[in-house]
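Let's take a friendly walk around a protein model, looking at its surface, its pockets and its charged pairs. Keep the structure open beside you as you read.

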Amino acid sequence: MTCTEAVLSRFIIDDESLEVVWPMKRRRIRRADIEDVHLTDRHGLRRELGWGFRIGAGGLGGAFGWLWTQRRGPVQMYVSRSRDLVSIAMGGARSWLITPERPEGFQTRAG
């Protein structure tokens, strides 16, 4: 993966799916596979998932990759801050943790 691929560009939500878009790739998540979408912060995340550690890259601009958690195992992570996190639980697939620009609106549309 190059640095360009790692920069998350946008999220697209339609009736059928949630699409995560990077400059050089896309990931489509079927809405039927989404079990729950909710807002949280780092303290709520700790209560929900237990301890965790990042597998991937991170720094002042955020973190991406996996967050290995005590209770849920690996969580796909693309975050740019530690507040206004959106947790997406998937049935039978890896959960996601993201930080869209407008988290409340995102939760309403995706949930």
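## A tryptophan in a loop

The model you see is predicted. A good place to begin is Trp51, which sits in the loop between helix 2 (42-49) and strand 5. Is Trp51 buried, partly exposed or exposed? Its relative accessibility is 42%, so Trp51 counts as partly exposed; the partly exposed class runs between 20% and 50%.

Trp51 also belongs to a group. Together with Phe53, Ile55, Trp66 and Trp68, it makes a nonpolar surface patch of about 480 Å². Two elements, strand 5 (52-59) and strand 6 (62-69), each give two or more residues to this patch.

## The largest pocket

Next, look for hollows. Rolling a probe the size of a water molecule over the atoms shows where empty space is left. In this model, the largest pocket holds about 380 Å³ of space. It is lined by 19 residues, and those closest to its centre are Arg42, Leu45, Leu67, Leu85 and Leu97.

Which element gives the most to this lining? That is helix 2, with five residues. Helix 2, strand 5, strand 6 and strand 7 (73-79) each supply at least two lining residues. Sorted by class, the lining of the largest pocket has eight nonpolar residues, seven polar ones and four charged ones.

## The second largest pocket

The second largest pocket has a volume of about 250 Å³. Eleven residues line it, and Phe11, Pro100, Glu101, Arg102 and Phe106 are the closest to its centre.

Strand 1 (10-13) and helix 3 (103-110) each provide at least two residues of this lining. By class, the lining of the second largest pocket divides into five nonpolar, two polar and four charged residues.

## Pairs of opposite charge

Now for the charged side chains. Side chains of opposite charge can pair when their charged atoms come close. How many salt bridges does a search of the whole structure find? The search finds seven.

One of them joins the side chains of Arg28 and Asp14, with an N to O distance of 3.9 Å. Arg28 is in strand 3 (residues 26-30), while Asp14 is in the loop between strand 1 and strand 2 (17-21), so this pair ties together parts that lie 14 residues apart in sequence. Arg28 has a relative accessibility of 49% and therefore counts as partly exposed. Asp14, at 33%, counts as partly exposed too.

## Two more bridges and a network

Arg30 forms a salt bridge with Asp33, and their closest N and O atoms are 3.1 Å apart. With a relative accessibility of 28%, Asp33 counts as partly exposed.

Another salt bridge is formed by Glu48 and Arg72, whose closest N and O atoms are 2.7 Å apart. This pair links distant parts of the chain: Glu48 is in helix 2 and Arg72 is in the loop between strand 6 and strand 7, 24 residues apart. How exposed are these two partners? Glu48 has a relative accessibility of 23%, so it counts as partly exposed, and Arg72 is partly exposed with a relative accessible area of 32%.

Finally, salt bridges can share partners. In this model, such shared bridges join Asp14, Glu19, Arg26 and Arg28 into one network. You have already met two of its members, Arg28 and Asp14, as a pair.

Conventions: Residues are numbered from 1 along each chain as its sequence is written. This is a predicted model: local features need pLDDT of at least 70, side-chain atom pairs count only at pLDDT 80 or more; totals for chains, interfaces and linings use all residues. Side-chain values use heavy atoms; hydrogens and water are left out. Patches are made of residues with over 30% relative accessible area and no salt bridge: like charges are joined within 9 Å, nonpolar side chains (Val, Leu, Ile, Met, Phe, Trp, Tyr) within 5 Å. Accessible areas come from the Shrake-Rupley method with a 1.4 Å probe; for residues, only the protein chains shown count as cover. A salt bridge is a side-chain nitrogen of Lys or Arg within 4 Å of a carboxyl oxygen of Asp or Glu. Helices (H or I, at least four residues) and strands (E, at least two) are DSSP runs, numbered from the N terminus. Buried means under 20% relative accessible area, exposed over 50%, partly exposed in between (1.4 Å probe, protein chains only). On a 1 Å grid over the protein atoms alone, a cavity is a set of points where a 1.4 Å probe fits but cannot get out, and a pocket is an open set with protein on both sides within 12 Å along at least five of seven lines; lining residues have an atom within 4 Å of a point. Grid points are joined across faces, edges and corners, and a volume is the space filled by probe spheres set on the points. Ala, Val, Leu, Ile, Met, Phe, Trp, Tyr, Cys and Pro count as nonpolar, Asp, Glu, Lys and Arg as charged, and the others, Gly among them, as polar.
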